[in-house]
Amino acid sequence: MVIGKQELTRALNAPDEEMRLQALHQLVDAEPQLIAELCFKAFGDESWRVRKEAIALFLRQPASRDKAGEVAGLLYAEENAGLRNAAVEILTRLGRVALPVLFEQAASPDHDVRKFVVDILGDIGDENAVPALITALGDEDSNVRAAAAENIGKLKAAAGVPALLDAMQHPDLLLQFTILDALSRIGAPVDAARLICFRQEKLLRKALVDCLGAVGDASAAGELVECLNDSMRNVREAATLALGRFAERFPQATRDALRSVDPGPLASSLSAYLADGGSPQLKQAAIRILGWLAVADVALPLLDLLDDEFLQRDCLQALGEIARVQPAALLQIWDEVDNRHRASLAYVFAEADCQAALPQLKAALTSEHPQLQRMAAYTLGKLGRPEVLPELAAALLQGAADVQESAAQALIDLGALFPRQTLAEVAPILQSDDTLQRRLAVTVLGRLTDASISEQLCLALKDPDAEVRRAAVRAFESRDAGDFLGSILLALTDEDAEVRCTAAEILGRQHGDDVLAGLELALRDEDLWVRCAALRSLGRQGGERARRLVESACVDTLGMVSITALETLVDMIGSQACEQLVAALDHPDQEVVTAVLNLLSSCEDDQWLAGRIDTLINHPYWAVRSHFARLAVQLLGEQAAGILRQRLQTETEDLVRQQLEDLLGGLEG
């Protein structure tokens with residue numbers, strides 16, 4: 001039943017909100033002209049629910065795009081705020097369509113309308129609005145000017161930066177404040193001199209500091225540092241945060257500016273932020289600045305903050321800055337702090353390359369505090385001094401397990417610089433009765449470049465402990481084993497599978513009949529991973545004998561071995577392996593068949609396909625059927641449609657059925 005205009009109008013005037021909402025619902029099927037007329041009436045309703053419903057109904061009408069001018073006229077309804085708000089929402093949601101009307105209304109004699117227009121342009125977010133917003137910066141009304149600056153910032157319009165800087169000359173504090181915020185939001189670099197001239201205006205100080213930190217050029221560094229001692233706390237805090245951001249862009253200018261002031265009072269002021277309940281970000285910025293000031297007095301508070309995960313990294317960096325400038329000051333507090341803090345200082349000494357800390361670190365190696373021992377060993381490895389090699393070797397023999405690991409790493413670090421001295425200290429440890437000590441010694445020796453190390457490693461290949469032998473054979477992965485080939489071949493008979501596997505991999509880089517004989521032996525190994533490693537090494541060998549050995553493994557009953565052999569054969573002879581690949585399609589392991597299909601997909605000769613279609617599309621394993629269906633489409637194109645349709649008639653696996661339907665849909669499409 002179609003309800004007439006009078007009934008709808010009467011309902012929209014009803015005192016009951018629900019009746020008015022119901023009238024709008026009934027208006028949906030009315031004539032477009034009537035919908036527009038009554039919607040305009042409802043735009044001014046006292047109920048926000050009615051207004052929202054009317055706006056939504058109006059915007060669903062195609063004709064709404066042609067009525068932007070009429071909607072803009074509602075902005076003049078001074079007596080009805082709801083009507084104005086409805087107009088703002090509609091024009092905003094119309095977007096670019098409304099721009100011509102808004103540009104026209106931007107010159108309205110009504111300052112309230114001009115303010116509405118500026119805000120709408122900002123909410124639409126179209127860059128074409130920027131010229132109109134720039135013009136509005138010179139409006140006679142202060143609210144319009146401030147809104148223009150705010151919305152240029154909202155659009156992040158770099159094109160508006162020159163006009164914003166020029167508008168700063170207007171003696172309107174609201175405008176100036178808003179411009180500073182807008183410049184920060186835009187993020188485009190600004191000549192700091194254009195802004196620093198406003199430093200005397202106290203009401204602008206914080207906003208000025210925020211802006212300089214975000215967009216000021218290098219010349220702003222001095223002003224930001226000066227503001228760290230401002231008489232107003234909010235300005236000091238803003239300067240601390242701003243300088244932290246500023247330093248990311250201009251680190252050297254920041255350091256130079258900080259070096260030009262007395263660090264004592266400034267450090268005292270910044271240190272106060274570390275103890276109070278200020279924001280983590282403020283503490284973080286203060287810590288960074290304290291590090292650049294390199295004032296030793298703040299070292300203890302920084303050490304106490306290391307338990308805070310958010311601040312830990314910045315505290316360590318700040319302590320490192322102090323250690324580089326005043327190492328003696330940090331060494332002086334070494335005796336004043338507990339072992340936990342000493343461990344942190346040891347790390348700082350490593351980062352700062354603090355050679356003066358050598359005596360304290362050597363003594364720390366014999367501490368009863370494991371964390372301090374570990375960090376002392378780490379740092380001694382980083383400082384690169386050969387005279388500490390005996391102490392590190394002793395720590396490898398006497399420390400707890402994790403300390404031994406750290407000492408071994410330090411010996412590796414020093415071994416890169418002093419291989420012969422390191423060998424002299426570590427080689428005797430190979431005779432230790434302790435398995436861990438021998439394994440760590442082998443690990444250290446394996447990283448040394450001295451040629452004589454290989455003899456020591458060969459001896460370690462006969463160690464009674466498998467972990468030691470594993471470390472020894474792994475060491476040959478990074479060195480030429482040519483002169484010690486016999487030891488590697490012997491490792492193929494080791495009782496530990498990992499040792500045999502690594503030996504087989506190493507042989508891939510060697511050549512000769514003995515190598516091939518060793519790999520042939522490894523192909524009969526009881527461990528499948530040893531056989532796979534041998535196959536990959538045979539592939540790197542090349543040659544007729546190696547190819548025949550790989551071919552013999554293509555029919556291995558273990559799927560992984562068979563797959564490795566087939567992949568290796570393809571790497572060796574390419575498409576000439578097609579015959580062996582096709583034969584492997586009869587392998588009982590579905591993973592082998594799937595892998596073979598992958599290999600055959602890149603085979604130049606697809607003659608194999610004709611005789612295998614029925615077997616593969618009806619394979620007992622659904623994964624094979626699925627894989628072959630994709631391959632058939634790849635190789636046969638539209639000719640595969642019949643094969644897929646026939647299988648679809650009997651397919652019972654849901655996943656395969658769905659795939660067949662998708663493939664057929666793609667072919668038909």
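Tutor: A nonpolar core is a set of buried residues of the nonpolar kinds, such as Leu, Phe and Trp, joined through side-chain atoms within 4.5 Å. The model here is predicted.

Student: Which residues have the most contacts inside the largest nonpolar core, and how many residues does this core have?

Tutor: The largest nonpolar core has 245 residues. Those with the most contacts inside it are Phe43, Leu91, Leu195 and Trp608.

Student: What does Trp608 touch, leaving aside residues up to four places away in sequence?

Tutor: Trp608 touches Cys578, Val582, Leu585, Leu597, Leu600, Leu616, Leu631 and Leu635. Contact here means heavy atoms within 4.5 Å.

Student: Why is Met572 called partly exposed?

Tutor: Buried means under 20% relative accessible area and exposed means over 50%, with partly exposed in between. Met572 has a relative accessible area of 22%, so it is called partly exposed.

Student: Where is Met572 found, and which residues does it touch beyond four places away in sequence?

Tutor: Met572 is found in helix H37, residues 559-573. Met572 touches Leu538, Gly539, Gly542, Gly543, Ala546, Arg547 and Val550. As for Arg540, its C-alpha lies 8.1 Å from that of Met572, and the two are 32 residues apart in sequence.

Student: What makes up the lining of the largest pocket?

Tutor: The lining has 13 residues, and Arg313, Asp314, Leu316, Gln317 and Ala318 lie nearest the centre of the pocket. Helices H19 (280-293), H21 (309-325) and H23 (339-351) each supply at least two lining residues. H21 gives the most, with 8 residues. The space in this pocket is about 270 Å³.

Student: How many residues of each class are in that lining?

Tutor: The lining of the largest pocket has 6 charged, 4 nonpolar and 3 polar residues. Asp and Arg count as charged, so Arg313 and Asp314, both in the lining, belong to the charged class.

Student: How do you know that Tyr347 is a lining residue of the second largest pocket?

Tutor: A lining residue has an atom within 4 Å of a grid point of the pocket. Tyr347 is listed in the lining of the second largest pocket, so it has such an atom. Leu306, Asp307, Gln312, Leu316, Arg340 and His341 are also among the residues that line this pocket.

Student: Which helix gives the most to this second lining?

Tutor: H23 gives the most, with 5 residues. H21, H23 and helix H25 (370-383) each supply at least two. By class, the lining of the second largest pocket has 5 nonpolar, 4 polar and 2 charged residues, and about 200 Å³ of space lies in the pocket.

Notes: Residues are numbered from 1 along each chain as its sequence is written. This is a predicted model: local features need pLDDT of at least 70, side-chain atom pairs count only at pLDDT 80 or more; totals for chains, interfaces and linings use all residues. Side-chain values use heavy atoms; hydrogens and water are left out. Buried means under 20% relative accessible area, exposed over 50%, partly exposed in between (1.4 Å probe, protein chains only). On a 1 Å grid over the protein atoms alone, a cavity is a set of points where a 1.4 Å probe fits but cannot get out, and a pocket is an open set with protein on both sides within 12 Å along at least five of seven lines; lining residues have an atom within 4 Å of a point. Grid points are joined across faces, edges and corners, and a volume is the space filled by probe spheres set on the points.
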